[in-house]
Amino acid sequence: MMVIRPICQNDLKSLYRLAEKTGIGFTSLVSDEATLQRKIDGAVRSFNKEDVTAPHNEDYLMVLEDTSTGDIVGTCGILATVGLDEPFYSYHLGTITHASRELKVHNVIPTLVLNNDFTGCSEICTLFLEEDYRHSKNGQLLSKARFMFMAQFPERFTEKVFAEMRGISNEDGVSPLWESLGRHFFSIDFKEADELTAQGNKQFIAELMPNNPVYVNLLPTEAREVLGQVHKNTVPARRLLEQEGFRYENYVDIFDGGPSLEARVQDIRAVRESRLCLANIGQPKGTKEGVNEGNYYLVSNAKVANFRCILIQRTIPPGSAMTLTQEEADALCIINKEPVRIVELSPYSR
């Protein structure tokens with residue numbers, strides 16, 4: 001069975017193995033043991049914080065575990081806030097109008113403006129799934145399990161949440177936007193800038209990045225074309241977020257031009273439609289032991305430190321009570337009559 005759970009101290013080796021597979025441009029998971037250990041330490045502290053009434057600097061990093069092998073095959077995370085301890089930069093793609101009545105010229109010119117507009121917002125991040133497991137709706141479980149946690153504990157997050165999507169770069173780590181813009185101000189490769197950012201060294205951005213608007217039409221065509229576009233490996237992740245209600249509002253990454261998608265937490269489909277019910281342990285009606293059929297549902301427990309989320313199938317829609325098999329209950333770390341949260345996996349599953 002595939003189970004989402006909080007990361008723990010014993011997961012460093014597995015997390016490093018995943019980080020080695022992410023590639024250039026994946027700044028939230030880098031193959032550096034010290035950085036990953038700090039990330040694990042922060043996540044363990046965050047999940048063990050009690051009586052949280054408002055979000056601060058918590059980092060809720062989770063992993064996808066294959067219980068049949070014990071292997072960690074994916075990660076996903078939520079940052080309670082960004083930009084409070086160090087600036088969080090992005091570009092906003094806006095417009096400037098230049099007009100002359102005498103010449104009868106009226107030009108609307110797109111611009112990139114450096115900003116800190118996401119300061120204080122929650123961010124979903126660190127979504128990565130091993131290639132061998134990109135099937136059987138594992139990617140949807142990994143992405144949407146975060147919304148079950150947010151639905152259960154809304155006080156831990158801000159009203160608005162965003163996701164910074166990986167932009168376009170080639171296999172050698174060459175980004176068209178970086179080569180056309182960033183390199184002129186930083187004089188380093190995209191890969192090096194990316195690694196510095198991933199390790200938390202962001203002061204160089206404030207020191208070297210131009211504060212004046214950048215006229216997009218002065219950039220080469222290849223740089224203009226990647227603004228707001230995602231890396232080929234990130235296309236499925238973007239599609240899943242847009243299904244849940246996230247929208248692109250013209251904010252892009254300052255290095256590779258990848259889009260930031262945003263939504264109000266209460267408007268996210270899985271948050272809005274999820275509901276609590278009591279768990280009954282037994283054999284669900286309409287199912288046969290060992291046979292999977294019916295619609296897919298996300299099911300999570302109502303715990304913080306021991307949060308768990310799984311994917312199940314049912315032929316009969318659950319009501320005020322939810323019958324789970326003993327295996328499913330064990331995976332969720334619950335006993336009979338404990339509350340669980342449930343939602344249809346997809347808005348199209350009805």
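Reader: In this predicted model, which residue has its backbone oxygen 2.9 Å from a polar atom of the side chain of arginine 269?

Author: The model is predicted, and in it the side chain of arginine 269 places a polar atom 2.9 Å from a backbone oxygen. Arginine 269 also touches residues distant in sequence, including Val343, Glu344 and Ser346. The backbone oxygen in question belongs to leucine 345.

Reader: Is arginine 269 buried or exposed?

Author: Arginine 269 is found in helix 9, which spans residues 269-273. Buried means under 20% relative accessible area. The relative accessibility of arginine 269 is 4%, so this residue counts as buried.

Reader: Which helix gives the largest share of the largest nonpolar core?

Author: The largest nonpolar core has 43 residues, and Ile4, Ile124, Phe147, Phe149 and Phe246 touch the most other members. The largest share of this core is eight residues, and they come from helix 3 (residues 138-152).

Reader: How many residues apart in sequence are the parts that phenylalanine 149 and phenylalanine 307 tie together?

Author: The whole structure holds 15 aromatic pairs. In one of them, the ring centres of phenylalanine 149 and phenylalanine 307 are 5.1 Å apart with planes at 80°, so the pair is edge-to-face. Phenylalanine 149 lies in helix 3 and phenylalanine 307 in the loop between strand 12 and strand 13, so the parts tied together are separated in sequence by 158 residues.

Reader: Over the face of which residue does arginine 156 lie?

Author: Ring pairs link a cluster that includes Phe149, Phe153 and Phe307. Arginine 156 lies 6.0 Å from a ring centre, over the face of phenylalanine 153.

How values were computed: Residues are numbered from 1 along each chain as its sequence is written. This is a predicted model: local features need pLDDT of at least 70, side-chain atom pairs count only at pLDDT 80 or more; totals for chains, interfaces and linings use all residues. Side-chain values use heavy atoms; hydrogens and water are left out. Helices (H or I, at least four residues) and strands (E, at least two) are DSSP runs, numbered from the N terminus. Buried means under 20% relative accessible area, exposed over 50%, partly exposed in between (1.4 Å probe, protein chains only). A polar contact is a pair of N or O atoms within 3.5 Å; within protein, one must be able to donate a hydrogen and the other to accept it, and residues adjacent in sequence count only if both atoms are side-chain atoms. Contact means heavy atoms within 4.5 Å. A nonpolar core is a set of buried Ala, Val, Leu, Ile, Met, Phe, Trp, Tyr and Cys residues joined through side-chain atoms within 4.5 Å. Rings of Phe, Tyr and Trp (its six-membered ring) pair if their centres lie within 6.5 Å; planes under 30 degrees apart count as stacked, over 60 as edge-to-face and the rest as tilted. A charge sits over a ring if NZ of Lys or CZ of Arg is within 6 Å of the ring centre and within 35 degrees of the ring normal. Lists of a residue's contacts leave out its neighbours within four places in sequence.
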